[in-house]
Structure formats: C-alpha cells, structure tokens
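Subject: Structure handover

Dear colleague,

I am passing on the structure we spoke about, and you will find it just below. After it I have set out what was found, so that you can follow each point with the model open.

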Amino acid sequence: MAPAPLQKVIVVYGATGIQGTAVTLSLLASRQNFVVRALTRKPESEKAQMLARLGAEIVKADGHSDIDMRAALENAWGFWLNTHHHDEAVMNPEGPTDEDLGRRLVTLAAEAGVKVFIYSTCDSPAKVTNGKAPVPGMDELFAREFQEFDAVIGAWPAWYFENFIDAEYAQAFGGFPLQPDQEGYLTFTSPRIGGRTKPGTGVQTVSVADDFGEMVHALFLSPLKWHRCTVPCMSDSFSYEDMVGAFTEVTGKKARYLPMPSYKDFPTHGSSVLVELQDVYRYMQNANGWFFGAPDDTATCQQLKDEARADKGLPPQRLISMKDYFVRHYGGN
C-alpha cells in the first residue's frame with residue numbers, strides 16, 4: 001500500500017469571521033489531506049465548535065500574543081490571514097495599529113517557515129486613482145515586501161453580498177432590504193457608482209460563503225501560479241437600480257434606489273467604518289465605478305471556484321448571482 005501523502009497544515013487566522021469561516025469550510029472538504037488549523041480567541045463559541053465537528057483543529061490564539069502565534073504556526077505549510085482594521089484592539093491611538101499587527105503576524109509566519117502565505121487585501125486606491133482618492137484602510141500593502149515565502153498571494157474580495165442580510169448595514173443605507181421607510185419602500189440610498197448610465201461599470205460584489213471561500217481554496221491548490229498576484233474575487237456585478245428591481249421581482253415588496261448627489265452626502269455619524277465607506281465611494285467615483293479599479297473578470301473567479309469544487313469531488317457550480325442570492329435568503333412569490 002502506498003504511503004499517505006504528507007499532510008500540509010494550513011493555519012486560518014480569524015477562522016470564525018466571515019472570510020475565515022468560508023475558507024475553513026472549503027479547505028476542510030479538500031481531498032489534498034490538508035490539516036486545517038482554525039485560530040480563534042473563543043474556541044468555546046458555537047461557530048468554533050461547528051468547525052471542530054467538521055474536522056478543524058481548533059486553536060485558541062490571540063494575534064497580539066507572539067507566544068500564541070508561534071505555537072499556532074508551528075509546522076504550518078500555509079497561512080490565511082485577514083485582520084480587522086476596525087477592531088477595538090487596533091483602534092487605540094496608544095497601541096499598535098492594524099498595519100503593526102499585520103507586519104508582526106507576517107514576520108512570525110516567515111520565521112515559522114510557512115511556505116504559502118495568502119491574505120485578504122486589495123490594490124491601492126491611491127495608486128489606482130493617481131493619488132486623487134486614497135483610502136487609508138485599503139492602502140497598507142506591506143505584505144508584498146516579504147521574500148521569505150515560496151508564494152505570496154493577495155485575495156481581494158469585492159463588496160459582500162452578506163451585507164444585504166445584515167441589519168446594521170441596512171440601517172446605514174436607508175433600510176434596504178430589511179427596514180421599510182415611512183413611505184413603505186425598502187429604500188437603498190448611497191452615492192452613485194457606475195450603473196445604468198455607465199455600461200460595464202456595475203457594483204462588483206461577492207458572496208463570501210458561496211464563492212470566496214472556494215476561490216481562496218483554489219489559490220492554495222496552485223500557489224506558485226498565483227505568486228505575487230492580487231486576485232480580484234467577485235460573484236456578480238449590477239447597478240443599484242437593477243438590484244432593487246430584482247429584489248421586488250423576487251419578493252413582491254416595494255424597493256427603490258435613491259442616489260446621493262455626492263460621496264460627501266454619505267452620513268458617517270462619527271463611525272470609523274462609515275468614514276471609510278465614504279472614502280471608498282470617493283475612490284470608486286474616481287475609478288469608473290469599479291471597486292477593483294478595473295472591469296469585471298468573472299472568468300478567473302469561475303475558474304478558481306471550479307478548481308476548488310473539483311478538489312472536493314463536487315460538480316461545477318456557477319458563481320451566485322444577485323437575484324439567486326435574494327431568492328435564497330428572502331424567498332420568492
């Protein structure tokens with residue numbers, strides 16, 4: 001009998017977050033004999049326990065602890081990293097920034113001998129717009145400086161479909177699709193980006209649970225192919241007008257889009273998250289409405305999804321569309 005292939009350990013940082021859960025779930029179904037080491041600050045949480053039942057090695061680790069992280073990265077072949085730059089732990093002016101934390105985690109991974117480092121990132125809005133529209137939280141691209149890994153790959157997720165099932169997000173954009181306004185409409189309001197007036201410039205969006213996790217899975221299957229690449233990850237693109245129209249078609253509920261004249265009209269209420277969103281709208285209005293600063297490339301995204309599903313022994317499945325996402329979460333008539 002041939003010996004079992006050498007197991008490769010992939011460490012998933014923030015495994016119970018939106019991105020981390022999707023990546024962990026897909027890798028757990030791989031036929032590559034991966035050991036998926038899921039890091040969390042709360043191993044007793046319901047989500048962590050669910051991942052454990054599916055075969056993940058749950059490890060309690062705080063990214064601010066070198067001791068925790070050195071232990072977590074021991075014998076690791078791959079490392080998935082996504083930090084949260086609005087986490088209270090990196091918002092203290094007296095403490096380390098998100099960039100400080102990220103640099104330290106990448107350094108520890110390099111010291112541990114990790115071969116494949118894949119991280120959630122983006123391209124620089126300042127670079128895309130020739131300095132017109134920087135977004136501070138999106139312009140920190142330090143990971144590309146590291147030379148110690150066999151492969152360094154950026155996975156750039158588009159706007160989340162998951163935002164449309166989040167009550168707090170809905171409230172920030174007028175209530176759509178959860179909270180009717182005083183006129184009985186489910187209203188989405190935001191600065192205009194792309195859309196019907198600019199063909200080919202729809203809102204680039206991804207379902208993290210349906211598609212993004214599988215795309216990252218595929219990057220771990222062929223890391224040398226994607227070395228030094230930043231891969232835009234999307235499921236669909238559409239205008240906000242088409243989005244609310246599809247929701248009405250699916251649910252029968254009245255919905256509408258009310259554009260704001262300028263990105264400056266987007267209310268921030270003193271929230272760092274909303275301030276960043278205002279910056280993102282400014283950036284997109286200076287980048288033809290594209291979140292990626294470039295046209296859609298669903299072909300690459302579909303290829304990655306197909307490769308991951310083949311590795312899991314599953315048939316091909318097309319990237320989820322906006323309309324299908326609404327059908328799944330809000331039902332149909």
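Does Y281 count as buried or exposed, and at what relative accessibility? Y281 counts as buried, at a relative accessibility of 0%. Please keep in mind while reading that this is a predicted model, and that the values below are computed from it.

Aromatic pairs

The structure holds 31 aromatic pairs, and Y281 takes part in one of them, together with F173, in a tilted arrangement with 6.4 Å from centre to centre and 55° between the planes. Because F173 belongs to the loop between helix 6 (167-172) and strand 8 (186-191) while Y281 belongs to helix 9 (residues 272-285), this pair ties together parts that are 108 residues apart in sequence. F173 is buried as well, with a relative accessible area of 0%.

A second pair is made by F176 and F247, whose ring centres are 5.1 Å apart and whose planes stand at 70°, so that the pair is edge-to-face. F176 is again in the loop between helix 6 and strand 8, whereas F247 is in helix 8 (residues 240-251), and the pair therefore ties together parts that are 71 residues apart in sequence. F176 is buried, with a relative accessible area of 1%, and F247 counts as buried at 0% relative accessibility.

One aromatic ring also has a charged partner: K254 lies over the face of Y185, at 4.4 Å from the ring centre.

The sheet of seven strands

Turning to the strands, 7 of them form an open sheet in the order 3-2-1-4-5-6-10, with parallel pairing. Strand 3 (57-60) and strand 10 (230-233) stand at the edges of this sheet, and because each has a single partner strand, one side of each is left without a neighbour in the sheet. From one strand to the next, the twist averages 20°.

Within this sheet, strand 5 (residues 116-120) and strand 6 (residues 151-157) run parallel and are joined by 5 bridges, and here I118 stands opposite I153 of strand 6. Strand 6 also pairs with strand 10, in the parallel sense and over 4 bridges, where P157 has C233 of strand 10 as its bridge partner. Strand 10 has two unlike faces, since V231 and C233 make up a covered one, while T230 and P232 make up an uncovered one.

The sheet of three strands

A further 3 strands form an open sheet in the order 7-9-11, and in this case the pairing is mixed. Strand 7 and strand 11 are at the edges, each with a single partner strand, so one side of each is left without a neighbour in the sheet.

Strand 7 (residues 159-160) runs parallel to strand 9, to which 2 bridges join it; W159 stands opposite T205 in strand 9, and Y160 has V206 as its bridge partner there. On the other hand, strand 9 and strand 11 (residues 236-238) pair in the antiparallel sense over 3 bridges, with S237 of strand 11 as the bridge partner of Q204.

In strand 9 (residues 203-206) the side chains of V203 and T205 point one way and those of Q204 and V206 the other way, and all are buried.

The cavity

How many cavities of 30 Å³ or more does the count come to? The count comes to 1, and the largest cavity has a volume of about 50 Å³. Its lining is made by W159, Y160, N163, F164, Y169, F188, V203, T205, F238 and Y240, and the elements that give two or more residues to this lining are strand 7 and strand 9. W159 and T205, which stand opposite each other in the pairing described above, are thus both found among the lining residues.

A contact across the sequence

Lastly, P125 lies in helix 5 (residues 125-128) and is buried, with a relative accessible area of 0%. P125 and R282 are 157 residues apart in sequence, yet their C-alpha atoms are 9.8 Å apart in space. R282 falls within the range of helix 9 (residues 272-285), the helix that also holds Y281.

With best regards

Terms used
Residues are numbered from 1 along each chain as its sequence is written. This is a predicted model: local features need pLDDT of at least 70, side-chain atom pairs count only at pLDDT 80 or more; totals for chains, interfaces and linings use all residues. Side-chain values use heavy atoms; hydrogens and water are left out. Buried means under 20% relative accessible area, exposed over 50%, partly exposed in between (1.4 Å probe, protein chains only). Two strands pair if DSSP finds at least two bridges between them. Axes are lines fitted to C-alpha atoms, for helices over the stretch in contact, and angles run from 0 to 180 degrees between N-to-C directions. Rings of Phe, Tyr and Trp (its six-membered ring) pair if their centres lie within 6.5 Å; planes under 30 degrees apart count as stacked, over 60 as edge-to-face and the rest as tilted. A charge sits over a ring if NZ of Lys or CZ of Arg is within 6 Å of the ring centre and within 35 degrees of the ring normal. On a 1 Å grid over the protein atoms alone, a cavity is a set of points where a 1.4 Å probe fits but cannot get out, and a pocket is an open set with protein on both sides within 12 Å along at least five of seven lines; lining residues have an atom within 4 Å of a point. Grid points are joined across faces, edges and corners, and a volume is the space filled by probe spheres set on the points.
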